[in-house]
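Could you take a look at this one with me? Here are some notes to go with the picture.

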Amino acid sequence: MSEPHMELARSTHVGRAVRLLTILSSLALGVLLVATSAGVIMRYVFEAPILGGNEIIQLASVVLVMLAMPGAARDEIHIRVDVFDERIGRYGRFVGDVLARCISVYILSMLTWRSWDKLVDAAEYGDATNMLQIPFWPFYGLLVLGAMLYAIVLLLQLIDIIRAGAGRSE
(Lines give C-alpha, C1' and ligand atoms only; values in the text may rest on other atoms or scores of the structure.)
Protein backbone atom coordinates (compact mmCIF):
# COMPACT_ATOMS: atom_id res chain seq x y z
CA MET A 1 0.00 0.00 0.00
CA SER A 2 1.67 3.19 -1.16
CA GLU A 3 0.74 6.32 0.72
CA PRO A 4 1.72 9.70 -0.73
CA HIS A 5 2.55 11.19 2.69
CA MET A 6 5.42 8.74 3.30
CA GLU A 7 8.10 10.49 1.23
CA LEU A 8 11.10 10.27 3.58
CA ALA A 9 10.44 6.65 4.48
CA ARG A 10 10.61 5.78 0.78
CA SER A 11 13.78 7.73 0.00
CA THR A 12 16.41 6.21 -2.27
CA HIS A 13 18.98 5.44 0.42
CA VAL A 14 16.44 3.87 2.75
CA GLY A 15 14.96 1.93 -0.16
CA ARG A 16 18.35 0.50 -1.11
CA ALA A 17 19.12 -0.51 2.46
CA VAL A 18 15.68 -2.09 2.89
CA ARG A 19 16.03 -3.92 -0.43
CA LEU A 20 19.43 -5.34 0.57
CA LEU A 21 18.14 -6.55 3.94
CA THR A 22 15.06 -8.03 2.26
CA ILE A 23 17.29 -9.99 -0.14
CA LEU A 24 19.37 -11.27 2.79
CA SER A 25 16.16 -12.15 4.62
CA SER A 26 14.99 -14.11 1.57
CA LEU A 27 18.27 -16.02 1.54
CA ALA A 28 17.77 -16.81 5.23
CA LEU A 29 14.30 -18.13 4.37
CA GLY A 30 15.88 -20.41 1.77
CA VAL A 31 18.42 -21.68 4.31
CA LEU A 32 15.62 -22.21 6.82
CA LEU A 33 13.52 -24.19 4.34
CA VAL A 34 16.44 -26.35 3.18
CA ALA A 35 17.68 -26.98 6.75
CA THR A 36 14.20 -27.86 7.99
CA SER A 37 13.42 -30.14 5.03
CA ALA A 38 16.80 -31.86 5.20
CA GLY A 39 16.44 -32.28 8.96
CA VAL A 40 13.02 -33.90 8.65
CA ILE A 41 14.11 -36.21 5.82
CA MET A 42 17.33 -37.22 7.57
CA ARG A 43 15.58 -37.81 10.89
CA TYR A 44 12.48 -39.69 9.76
CA VAL A 45 13.59 -41.37 6.53
CA PHE A 46 17.20 -42.22 7.30
CA GLU A 47 16.99 -42.13 11.12
CA ALA A 48 20.10 -39.94 11.18
CA PRO A 49 19.36 -36.43 12.49
CA ILE A 50 21.58 -33.60 11.31
CA LEU A 51 24.08 -32.55 13.94
CA GLY A 52 23.36 -28.93 14.88
CA GLY A 53 20.27 -28.67 12.69
CA ASN A 54 18.38 -26.79 15.38
CA GLU A 55 21.21 -24.28 15.71
CA ILE A 56 21.08 -23.53 11.98
CA ILE A 57 17.30 -23.16 12.09
CA GLN A 58 17.41 -20.85 15.12
CA LEU A 59 20.07 -18.58 13.67
CA ALA A 60 18.39 -18.47 10.24
CA SER A 61 15.14 -17.51 11.99
CA VAL A 62 16.81 -14.55 13.69
CA VAL A 63 18.19 -13.36 10.37
CA LEU A 64 14.87 -13.90 8.59
CA VAL A 65 12.78 -11.94 11.07
CA MET A 66 15.16 -9.10 11.89
CA LEU A 67 16.05 -8.34 8.28
CA ALA A 68 12.47 -8.56 7.00
CA MET A 69 11.02 -6.12 9.55
CA PRO A 70 12.31 -2.84 8.03
CA GLY A 71 10.76 -3.69 4.65
CA ALA A 72 7.45 -4.65 6.22
CA ALA A 73 7.42 -1.37 8.14
CA ARG A 74 8.37 0.73 5.14
CA ASP A 75 5.72 -0.84 2.92
CA GLU A 76 3.22 -0.97 5.81
CA ILE A 77 2.44 -4.63 5.14
CA HIS A 78 2.53 -5.69 8.78
CA ILE A 79 -0.60 -6.72 10.62
CA ARG A 80 -2.64 -3.74 11.70
CA VAL A 81 -5.95 -3.83 13.50
CA ASP A 82 -8.10 -0.80 12.75
CA VAL A 83 -10.92 -1.52 15.19
CA PHE A 84 -11.25 2.00 16.59
CA ASP A 85 -10.30 4.09 13.54
CA GLU A 86 -13.84 5.21 12.76
CA ARG A 87 -14.56 6.05 16.39
CA ILE A 88 -11.41 8.02 17.12
CA GLY A 89 -11.43 9.93 13.84
CA ARG A 90 -8.64 11.58 11.92
CA TYR A 91 -7.05 13.28 14.93
CA GLY A 92 -7.20 10.19 17.10
CA ARG A 93 -5.56 8.18 14.32
CA PHE A 94 -2.90 10.90 13.96
CA VAL A 95 -2.12 10.79 17.70
CA GLY A 96 -2.13 7.00 17.65
CA ASP A 97 0.24 6.88 14.67
CA VAL A 98 2.61 9.36 16.32
CA LEU A 99 2.56 7.57 19.69
CA ALA A 100 2.99 4.13 18.14
CA ARG A 101 6.00 5.24 16.15
CA CYS A 102 7.57 7.12 19.08
CA ILE A 103 7.26 4.11 21.37
CA SER A 104 8.50 1.74 18.66
CA VAL A 105 11.52 3.91 17.83
CA TYR A 106 12.42 4.04 21.52
CA ILE A 107 12.10 0.27 21.98
CA LEU A 108 14.03 -0.51 18.79
CA SER A 109 16.75 1.95 19.82
CA MET A 110 17.10 0.12 23.14
CA LEU A 111 17.15 -3.24 21.29
CA THR A 112 19.85 -1.91 18.95
CA TRP A 113 21.95 -0.60 21.83
CA ARG A 114 21.68 -3.78 23.92
CA SER A 115 22.32 -5.99 20.89
CA TRP A 116 25.43 -3.97 20.09
CA ASP A 117 26.68 -4.65 23.62
CA LYS A 118 25.98 -8.37 23.12
CA LEU A 119 27.79 -8.28 19.77
CA VAL A 120 30.89 -6.79 21.39
CA ASP A 121 30.78 -9.33 24.25
CA ALA A 122 30.23 -12.27 21.89
CA ALA A 123 33.14 -11.19 19.70
CA GLU A 124 35.41 -10.57 22.69
CA TYR A 125 34.69 -13.89 24.40
CA GLY A 126 34.27 -15.99 21.25
CA ASP A 127 30.69 -17.02 22.05
CA ALA A 128 29.47 -19.70 19.67
CA THR A 129 26.78 -22.34 19.33
CA ASN A 130 27.29 -25.58 21.25
CA MET A 131 27.43 -28.17 18.50
CA LEU A 132 28.65 -26.44 15.35
CA GLN A 133 30.62 -23.64 17.03
CA ILE A 134 29.01 -20.99 14.80
CA PRO A 135 30.06 -17.60 16.22
CA PHE A 136 27.19 -15.49 17.56
CA TRP A 137 28.62 -12.03 16.85
CA PRO A 138 27.63 -11.89 13.14
CA PHE A 139 24.03 -12.69 14.08
CA TYR A 140 24.02 -9.98 16.73
CA GLY A 141 25.35 -7.69 14.02
CA LEU A 142 22.45 -8.56 11.73
CA LEU A 143 20.05 -8.05 14.62
CA VAL A 144 21.57 -4.60 15.22
CA LEU A 145 21.34 -3.78 11.52
CA GLY A 146 17.71 -4.87 11.23
CA ALA A 147 16.55 -3.12 14.41
CA MET A 148 18.43 0.07 13.54
CA LEU A 149 17.01 0.25 10.01
CA TYR A 150 13.54 -0.53 11.35
CA ALA A 151 13.89 2.37 13.83
CA ILE A 152 15.10 4.66 11.04
CA VAL A 153 12.14 3.74 8.82
CA LEU A 154 9.71 4.42 11.67
CA LEU A 155 11.44 7.70 12.53
CA LEU A 156 11.18 8.84 8.91
CA GLN A 157 7.53 7.80 8.84
CA LEU A 158 6.99 9.78 12.04
CA ILE A 159 8.49 12.88 10.42
CA ASP A 160 6.33 12.35 7.32
CA ILE A 161 3.20 11.92 9.45
CA ILE A 162 3.91 15.05 11.48
CA ARG A 163 4.65 17.07 8.33
CA ALA A 164 1.38 15.90 6.71
CA GLY A 165 -0.60 16.57 9.91
CA ALA A 166 -3.89 15.12 11.01
CA GLY A 167 -5.66 16.24 7.84
CA ARG A 168 -3.71 13.85 5.59
CA SER A 169 -5.56 11.75 3.08
CA GLU A 170 -6.31 8.24 4.22
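The points below go from the overall fold to a few side chains.

1. First, a caution: this is a predicted model. The protein has four helices and zero strands, so if you trace the sequence you will read α-α-α-α, given how helices and strands are assigned here.

2. On overall shape, the C-alpha atoms fit a box of roughly 60 × 40 × 30 Å along the principal axes. The radius of gyration is 20 Å, whereas a compact globule of 170 residues would come in near 15 Å. Buried residues account for 32% of the 170. About 10600 Å² of the protein is exposed, and carbon and sulfur atoms supply 67% of that.

3. How do the contacts spread along the sequence? Take the contacts between residues at least 6 apart: 80% of them join residues at least 24 apart.

4. Helix α4 covers residues 137-164, which makes 28 residues. From first C-alpha to last it reaches 40 Å, close to the 40 Å expected at 1.5 Å a residue. Just after α4 comes Gly165, with a positive phi near 75 degrees.

5. Now for the charges. The whole structure has five salt bridges, and Glu76, Arg93, Asp97 and Arg101 are linked in a network of them. Within it, Arg93 pairs with Asp97, their closest N and O atoms 3.4 Å apart. Asp97 also meets Arg101, at 3.9 Å from N to O.

6. Why do Arg93 and Asp97 sit about one helical turn apart? Because they are four residues apart in helix α3. Asp97 and Arg101 are likewise four residues apart in α3, about one turn. In an α-helix there are 3.6 residues a turn, so residues three or four places apart point the same way.

7. Are these charged residues buried or exposed? Arg93 and Asp97 are both buried. Asp97 counts as buried because its relative accessibility is 5%, and Arg101 does too because its value is 8%.

8. Compare the pair Asp117 and Arg114, another salt bridge, with closest N and O atoms 3.2 Å apart. They are three residues apart in helix α3, so about one helical turn separates them. Asp117 is partly exposed because its relative accessibility is 26%, and Arg114 is partly exposed at 47%.

9. Last, have a look at the nonpolar surface patch formed by Val95, Leu99, Ile103, Tyr106, Ile107, Met110 and Trp113. Together they have about 720 Å² of accessible area. Val95 lies in helix α3, residues 85-125, and counts as partly exposed because its relative accessibility is 45%.

Key. Residues numbered from 1 in each chain as written. Predicted model: local features only at pLDDT ≥ 70, side-chain atom pairs only at ≥ 80, totals over all residues. Heavy atoms only, no water. Patch = residues over 30% accessible without salt bridge, like charges linked within 9 Å, V, L, I, M, F, W, Y side chains within 5 Å. Areas by Shrake-Rupley, 256 points an atom, 1.4 Å probe, with all protein chains shown as cover. Salt bridge = Lys/Arg side-chain N within 4 Å of Asp/Glu carboxyl O. Helix = DSSP H or I, 4+ residues; strand = E, 2+ residues; numbered from the N terminus. Buried < 20%, exposed > 50% of the residue type's maximum accessible area, 1.4 Å probe, protein only. Rg over C-alpha atoms; globule rule 2.2 N^0.38 Å. Contact = heavy atoms within 4.5 Å. Expected span 1.5 Å × (residues − 1).
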